[in-house]
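Reader: Could you take me on a close look at one strand in the middle of this model and then show me how the rest is arranged around it? I work at the bench, so please give me any cut-offs as you go.

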Amino acid sequence: MFTSLSDRLTATFKNLRGKGRLTESDVNSTIRDIRLALLDADVALPVVKQFTAGVRERALGAEVSQALNPAQQVVKIVNDELVSILGGETRTIQYAKNPPTVIMLAGLQGAGKTTLAGKLAYWLKDQGHTPILVAADLQRPNAVTQLEVVGERAGVPVFAPERGNIGGHDAVGPTGEGTRSFGDPIAVSRAGIEQARQKQHDVVIVDTAGRLAVDADLMQQAANIRAAIQPDEVLFVIDAMIGQAAVETAQAFQEGVDFTGVVLSKLDGDARGGAALSVASITGRPIMFASTGENVKDFEVFHPDRMASRILD
Ligand code: GDP
């Protein structure tokens with residue numbers, strides 16, 4: 001992730017090394033290089049424009065620094081602008097004053113939601129919380145089973161609908177899975193939250209259904225669940241590998257469920273990183289976590305400043 005972007009930016013900065021002072025044409029050609037590097041990394045055009053405008057403004061307005069040479073000064077400006085595009089401050093879960101804190105997960109099928117549910121639960125447990133997972137993805141019977149496997153790996157209990165109901169679907173899709181919902185995700189979510197209250201779980205993670213592409217029914221279902229259970233956080237899980245499509249998907253989910261934070265999954269892949277750089281800025285929602293593999297421990301809090309340094313290293 002980010003290797004080519006990182007290489008391109010480093011090469012750009014190399015050109016500035018050894019210069020005693022920067023002319024306006026140095027700044028312009030650097031900005032042009034940065035712009036191309038970002039576009040090649042799949043960063044969305046509006047974000048590229050905002051980024052380069054920010055760099056230009058800071059570079060031209062920058063005080064002549066005694067401590068930094070011109071190249072270092074530009075690196076610092078680009079770094080600050082990257083941090084700002086990535087959301088600025090680190091932000092994670094804001095817990096409810098009266099537990100349980102309810103976290104709802106949303107995203108496309110295959111984005112890594114169920115895997116993330118296990119990782120988040122494991123991380124919460126590590127932080128001293130007592131999470132419970134709720135299987136409200138009732139579009140696919142396998143999703144419930146998958147969440148149970150994930151819960152077992154994380155050592156966290158899973159609240160799922162009665163198995164008797166699962167046999168109820170009669171339509172079978174091309175993958176052999178039921179294509180009709182076999183239960184009411186709102187009822188299951190409410191029952192899961194009630195169970196958490198009774199058994200003193202202080203965080204509830206509700207896994208909801210995803211589809212391969214954004215569709216109105218899915219979005220309505222997620223919006224209905226959100227309205228019914230009033231979660232403290234709604235995390236939108238997005239596959240960092242989907243490139244330019246990330247922006248459209250994120251905007252659709254923002255409109256549909258108005259998420260409070262983003263989780264970038266598959267950050268271990270060799271994607272160019274544009275999704276990561278675009279989503280926070282386009283939606284104005286913070287990236288809270290990054291998922292970096294298939295293991296339950298492949299998960300980290302997302303720090304905009306550390307990510308920026310990683311890119312500029
Ligand atoms: P869901 O449909 O959104 O619940 O997605 P899943 O959690 O089932 O994940 C889809 C696929 O992506 C599975 O094969 C996961 O093992 C894989 N996956 C999920 N997160 C990551 C990640 O961070 N890195 C990698 N390499 N694979 C992941």
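Author: Happy to! Let's start with one pair of residues: Met104 has Val206 in β4 as its bridge partner. Before we follow that strand, please keep in mind that this is a predicted model, in which local features need pLDDT of at least 70 and side-chain atom pairs count only at pLDDT 80 or more, while totals for chains, interfaces and linings use all residues. Residues are numbered from 1 along each chain as its sequence is written, and side-chain values use heavy atoms, with hydrogens and water left out.

Now for the strand itself. β4 covers residues 203-208, and 6 of its 6 residues are buried (under 20% relative accessible area; exposed is over 50% and partly exposed in between, with a 1.4 Å probe and protein chains only). Side chains in a regular strand alternate between the two faces of the sheet. In β4, Val203, Ile205 and Asp207 point one way, whereas Val204, Val206 and Thr208 point the other way, and all are buried. Asp207 and Thr208 are therefore among the covered residues, alongside the valines and Ile205.

What does β4 pair with? Here strands and helices are DSSP runs numbered from the N terminus (E of at least two residues for strands, H or I of at least four for helices), and two strands pair if DSSP finds at least two bridges between them. β1 runs parallel to β4 and is joined to it by 5 bridges. β2 pairs with β4 in the parallel sense too, over 6 bridges. Within that second pairing, Ala136 has Thr208 of β4 as its bridge partner.

Stepping outward, β2 (residues 131-136) also pairs with β3, in the parallel sense over 2 bridges, and there Val134 stands opposite Phe159 in β3. Together these strands belong to an open sheet of 8 strands in the order β3-β2-β4-β1-β5-β6-β7-β8, with mixed pairing. The edge strands are β3 (158-159) and β8 (299-301), each pairing on one side only.

Next come the helices that lie across the sheet. α5 runs at about 175° to β4 and lies across β1, β2, β4, β5, β6, β7 and β8. Contact here means heavy atoms within 4.5 Å, and angles run from 0 to 180 degrees between N-to-C directions, with axes fitted to C-alpha atoms, for helices over the stretch in contact. A second helix, α10 (residues 245-257), lies across β1 and β5 and runs at about 160° to β5.

α5 has a helix partner as well. Two packed helices are described by the angle and the distance between their axes. α5 (residues 113-126) packs with α6 (residues 141-154) at an angle of about 25°, and their axes are 9 Å apart. That makes α5 roughly parallel to α6 (under 35 degrees; over 145 is roughly antiparallel, 65 to 115 roughly perpendicular and the rest oblique). From α5, the contact uses Thr114, Ala117, Gly118, Tyr122 and Lys125, and from α6 it uses Gln146, Leu147, Val150 and Ala154. Sorted by class, that contact has 5 nonpolar, 3 polar and 1 charged residues (Ala, Val, Leu, Ile, Met, Phe, Trp, Tyr, Cys and Pro are nonpolar, Asp, Glu, Lys and Arg charged, and the others, Gly among them, polar).

A few loop details are worth a look on your screen. Pro100 is in the loop between α4 (70-85) and β1, and the peptide bond from Pro99 to Pro100 is cis, with omega near 5°. Gln230 lies in the loop between α9 (216-229) and β5; although not a glycine, Gln230 has a positive phi of about 45°. Gln230 is exposed, at 57% relative accessible area. Lys266, in the loop between β6 and α11 (274-283), has a positive phi of about 60° although it is not a glycine, and is partly exposed at 32%.

Finally, the wider view. The chain has 12 helices and 8 strands, its C-alpha trace spans about 75 × 40 × 30 Å along the principal axes, and buried residues make up 51% of the 313 residues. To set β4 in that frame, take Gln72 in helix α4, which is partly exposed at 39%: the C-alpha atoms of Gln72 and Val204 are separated by 46 Å.
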